[in-house]
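Work through the exercises below with the sequence and the model side by side. Try each task before reading its solution.

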Amino acid sequence: MDLKRAAGDLLPGCEYGACRVFDQYGFEVADAAAVAPDQLLFLVPEWRLFVWPTFRVGHRAEWPGEVEVPRPPITLETLSESPRVFRVANFFDEQDAEFL
């Protein structure tokens, strides 16, 4: 199933594939077969960039990162909804800091 076309049926403004579908990790999803039953999906108009949602202050979202590089997951914690402010943990490590 084409998710862009299905999104058009769900949300005004997304008709004719005018929205992109992203998963909870910020990756674009094109095929419904790649979606788990309880997976969060976000509809984003074609002309906008994906922006992490805030949900509520204190909410934490984990991004597993690259499979090839074993690291702790990156964690986004919502500090404020407006303006949208996050605390980012595990974004880079000591080796990355030394390189910079």
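The exercises that follow deal with strands, salt bridges and aromatic rings.

This is a predicted model, in which local features need pLDDT of at least 70, side-chain atom pairs count only at pLDDT 80 or more, and totals for chains, interfaces and linings use all residues. Residues are numbered from 1 along each chain as its sequence is written, and side-chain values use heavy atoms, with hydrogens and water left out.

**Exercise 1. Lay out the sheet that contains β4 and find its edge strands.**

Step 1. Strands are DSSP runs (E, at least two residues) numbered from the N terminus, and two of them pair if DSSP finds at least two bridges between them.

Step 2. With these rules, three strands form an open sheet in the order β3-β4-β5, and the pairing is antiparallel.

Step 3. β3 (60-63) and β5 (85-89) are the edge strands, since each pairs on one side only.

Step 4. On average, neighbouring strands in this sheet are turned by 25° against each other, direction ignored; the axes behind this angle are lines fitted to C-alpha atoms, and angles run from 0 to 180 degrees between N-to-C directions.

Step 5. Between β3 and β4 (residues 74-80), which run antiparallel, there are four bridges. For Glu 62, the bridge partner in β4 is Thr 75.

**Exercise 2. Trace the salt bridges made by Glu 77 and state which residues they join.**

Step 1. A salt bridge needs a side-chain nitrogen of Lys or Arg within 4 Å of a carboxyl oxygen of Asp or Glu. By this rule there are two salt bridges.

Step 2. One links Glu 77 to Arg 60, with the closest N and O atoms 3.5 Å apart. Glu 77 is in strand β4 and Arg 60 in strand β3, so this pair ties together parts 17 residues apart in sequence.

Step 3. Another salt bridge joins the side chains of Arg 87 and Glu 77 at 3.0 Å, N to O. Arg 87 belongs to strand β5 and Glu 77 to β4, so here the parts tied together are 10 residues apart in sequence.

Step 4. Through shared partners, Arg 60, Glu 77 and Arg 87 become one network.

Step 5. Now classify the three by relative accessible area (buried under 20%, exposed over 50%, partly exposed in between; 1.4 Å probe, protein chains only). Glu 77 is buried at 14%, Arg 60 is exposed at 56%, and Arg 87 is partly exposed at 46%.

Step 6. Contact means heavy atoms within 4.5 Å. Leaving aside neighbours within four places in sequence, Glu 77 is in contact with Gly 58, His 59, Arg 60, Val 85, Phe 86 and Arg 87.

**Exercise 3. Describe how strand β1 is covered and paired.**

Step 1. β1 spans residues 19-23, and five of its five residues are buried.

Step 2. Sort the side chains by direction: Cys 19, Val 21 and Asp 23 point one way, Arg 20 and Phe 22 the other, and all are buried.

Step 3. β1 runs antiparallel to β2 (residues 41-45), joined by five bridges. Opposite Cys 19 in β2 stands Pro 45.

**Exercise 4. Which residues form the aromatic cluster?**

Step 1. Rings of Phe, Tyr and Trp (its six-membered ring) pair if their centres lie within 6.5 Å. The whole structure holds five aromatic pairs.

Step 2. One cluster is formed by Phe 22, Phe 42, Phe 50, Trp 52 and Phe 55.

How values were computed
Phe/Tyr/Trp six-rings, centres within 6.5 Å; stacked < 30°, edge-to-face > 60°.
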